[in-house]
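Work through the exercises below with the model open. Try each task before you read its solution.

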Amino acid sequence: MTDPLESAEISEKPDTQRQRFVLDETGFDEVPKRFRKFYRKWRGPGDSLAANEVICPVCKVVIRSTRELRPGDRIYCMPCMSRLIVVMGETGMLEALVAY
Amino acid sequence: MADFLSAYSIQNWLESCPQGYLEGTEFGHQPGESEPELLAQNKILHEEALRTTVQLVVGERCALAASSGLINAAPDEASKRFLATQTLDEARHVEIFTQRLYDLGVARRDLESVIKQYANHNLVKFAGVLLEKVDKKDFVAGVVGQNIVLEGMAFTVFEMMHALNEQMNPKFAHVLSGTIADERRHVGFGENRIGSLIKEFPGKRPEIERMQKEMSYYMLATFADAFRNNPAAAEFDKLQQPQAHAKWQGVDLAEMPPEQMESVLADTVLKEFKVRLGRIGIEYQTPARP
C-alpha cells in the first residue's frame with residue numbers, strides 16, 4: 001500500500017478520468033518516510049483543500065492522493081489508522097466518514 | 001478482530017516515531033533548547049509553569065497505568081501489540097514532562113512532594129474513574145475512558161498549549177508537538193477499536209455514558225481550577241511583556257482573559273467528545289458545569 005486511495009468507487013469513462021497530482025514532501029514526519037508525502041498538517045483558517053485532499057475527521061491530518069478524490073472512494077489515514085469513505089459534504093467540499 | 005490494525009506494526013511505529021518525528025530530539029525537544037529566562041526570573045510565572053507541568057505529569061501517569069493495564073484485558077493480539085507501543089509512548093510522556101520539572105529547577109529528591117503539592121484534586125478524581133475500569137479489566141470502558149476521553153482531552157489541550165507556546169517557548173512547543181503526534185495514534189485506536197467492539201457489546205453503553213459524564217465533569221472542574229484566578233495573564237500585563245499572538249480555533253488566545261480561554265477550551269473538548277462518541281454509537285452525556 002502506498003497511495004492512501006485504496007479503491008475508487010466507480011469504473012470511470014474516459015471523459016471523467018481523474019486529474020493526476022505529483023506530490024511534494026510537506027514536512028510531515030509522523031509516518032514512515034515512504035508515506036510522508038501523502039499527508040500534511042492542516043494549517044487552520046485560511047488553508048484550503050485541493051481536489052486530491054481530504055481531512056481525516058479522527059486525527060485532523062490532511063490526506064493527499066496522487067489522484068483526484070471523489071465521493072465513494074475508500075482511503076486510509078496512516079497517522080491514526082482510520083479507514084475512511086469520501087463523501088460530498090453539505091458545504092460542497094469533500095469530507096470523509098470513518099468506516100469501522 | 002481489530003482489522004484496522006492490519007497495517008500497524010511495531011516496525012511501523014519505529015519508523016514513524018523514534019525514527020520519525022522524535023529523531024534527534026532530547027526529551028522531546030531539539031538539543032540545546034532551554035526554558036525562557038523569564039520563567040526562571042519571575043516567581044509567579046515560574047510557579048504557574050510548575051503547576052501546569054505537574055498536571056501533565058499526573059495525566060500521563062494515569063495514561064501509563066491505563067494503557068499498560070489494558071494490555072492483558074485486550075481481546076485480540078493486534079490490540080495488545082498496539083497498547084504495548086502506546087504504553088511506551090505514555091512512559092515517554094511521563095518522562096519528558098518530569099524532565100521539564102527538573103529543567104524548571106525542581107530537585108530530584110523533591111519531585112514527588114512537588115507533584116503532591118500542585119496536583120489538582122479534580123484531575124486525580126478524573127484519573128480515578130478511569131483506573132477503576134482498568135482495574136476491573138473492563139476493556140471496552142477502559143479504552144473509551146483512556147483513548148477517547150483522556151486522549152481526546154489531551155489532544156485538544158496539547159494543541160492549545162502548543163499554540164500558546166510556539167513563539168514564546170519553542171522548547172516546550174517542540175515537546176508538545178511530539179506528544180500531539182502520539183495522540184493521533186491513540187485517539188485513532190480508541191475510535192476504531194471501540195467503533196467495531198461496541199456493536200458486539202451494546203449493553204455496555206449506559207455504563208460507558210455514565211463514565212464519560214463523570215470524567216467530563218472532573219475535566220471541566222480541572223479547567224476551572226486552572227484558568228479562574230490564574231495570575232499569569234495579569235503578571236504579563238504588569239510586566240508589560242507582550243504576549244505573542246497565538247491563533248487557535250480561529251481566536252487569538254493572547255488577547256483573551258483566562259476565563260474566556262477556559263470557555264473556548266472546554267467547548268472545543270466537549271464538542272470533540274460529542275462528535276467522536278456519536279461516530280461510534282455512544283450518546284454523549286452533558287456534564288454539570290462546575
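**Exercise 1. Find what share of the 100 residues of chain A count as buried.**

Solution. Begin with the cut-offs: buried means under 20% relative accessible area, exposed means over 50%, and partly exposed is in between, with a 1.4 Å probe and protein chains only. Of the 100 residues of chain A, 48% count as buried. Next take the surface. Chain A exposes about 5200 Å², and carbon and sulfur atoms supply 50% of it. These areas come from the Shrake-Rupley method with a 1.4 Å probe; for residues, only the protein chains shown count as cover.

Two ground rules apply throughout. This is a predicted model, in which local features need pLDDT of at least 70 and side-chain atom pairs count only at pLDDT 80 or more, while totals for chains, interfaces and linings use all residues. Residues are numbered from 1 along each chain as its sequence is written, chains are lettered from A and ligands numbered from 1 in the order in which they are written, and side-chain values use heavy atoms, with hydrogens and water left out.

**Exercise 2. Describe the secondary structure and overall dimensions of chain A.**

Solution. Count elements as DSSP runs, numbered from the N terminus: helices are H or I with at least four residues, strands are E with at least two. Chain A has zero helices and seven strands. Its pattern along the sequence is β-β-β-β-β-β-β. The radius of gyration of chain A is 13 Å, close to the 13 Å that the globule rule gives for 100 residues, so chain A is as compact as a globular protein of that length. That radius is taken over C-alpha atoms, and the rule is 2.2 Å times the number of residues to the power 0.38. Along the principal axes, the C-alpha trace of chain A spans about 35 × 30 × 30 Å. Finish with contacts, meaning heavy atoms within 4.5 Å. In chain A, residues 24 or more positions apart account for 46% of the contacts with a separation of 6 or more.

**Exercise 3. Do the same for chain B.**

Solution. Chain B comes to 11 helices and two strands. Read along the sequence, the pattern is α-α-α-α-α-α-α-α-α-α-β-β-α. The radius of gyration of chain B is 19 Å, close to the 19 Å from the globule rule for 290 residues, so chain B is as compact as a globular protein of that length. Its C-alpha atoms fill a box of roughly 60 × 45 × 40 Å along the principal axes. Of the 290 residues, 57% count as buried. Chain B exposes about 12400 Å², with 52% supplied by carbon and sulfur atoms. Residues 24 or more positions apart account for 82% of the chain B contacts with a separation of 6 or more.

**Exercise 4. Place Asp29(A) and list its contacts.**

Solution. Locate it: Asp29(A) lies in the loop between β1 (5-7) and β2 (39-41) of chain A. Check exposure: Asp29(A) is partly exposed because its relative accessible area is 26%. Now leave aside neighbours within four places in sequence. Asp29(A) is in contact with Arg36(A), and also with Ser16(B), Gly20(B) and Tyr21(B). For distance, the C-alpha atoms of Asp29(A) and Arg40(A) are 8.9 Å apart, with their positions 11 residues apart along the chain.

**Exercise 5. Characterise the largest cavity.**

Solution. Define it first. On a 1 Å grid over the protein atoms alone, a cavity is a set of points where a 1.4 Å probe fits but cannot get out; lining residues have an atom within 4 Å of a point. Grid points are joined across faces, edges and corners, and a volume is the space filled by probe spheres set on the points. The structure holds two cavities of 30 Å³ or more. The largest has a volume of about 50 Å³. From chain A, its lining includes Glu30(A), Val31(A), Met78(A), Pro79(A) and Met81(A). Tyr8(B), Asn12(B), Ser16(B) and Arg185(B) also line it. By class, that is five nonpolar, two polar and two charged residues. Here Ala, Val, Leu, Ile, Met, Phe, Trp, Tyr, Cys and Pro count as nonpolar, Asp, Glu, Lys and Arg as charged, and the others, Gly among them, as polar.

**Exercise 6. What is the phi of Lys60(A), and where does the residue lie?**

Solution. Phi of Lys60(A) is near 70°, a positive value in a residue other than glycine. Lys60(A) sits in the loop between β3 (53-55) and β4 (61-64) of chain A. At 30% relative accessibility, Lys60(A) counts as partly exposed.

Notes:
On a 1 Å grid over the protein atoms alone, a cavity is a set of points where a 1.4 Å probe fits but cannot get out, and a pocket is an open set with protein on both sides within 12 Å along at least five of seven lines; lining residues have an atom within 4 Å of a point.
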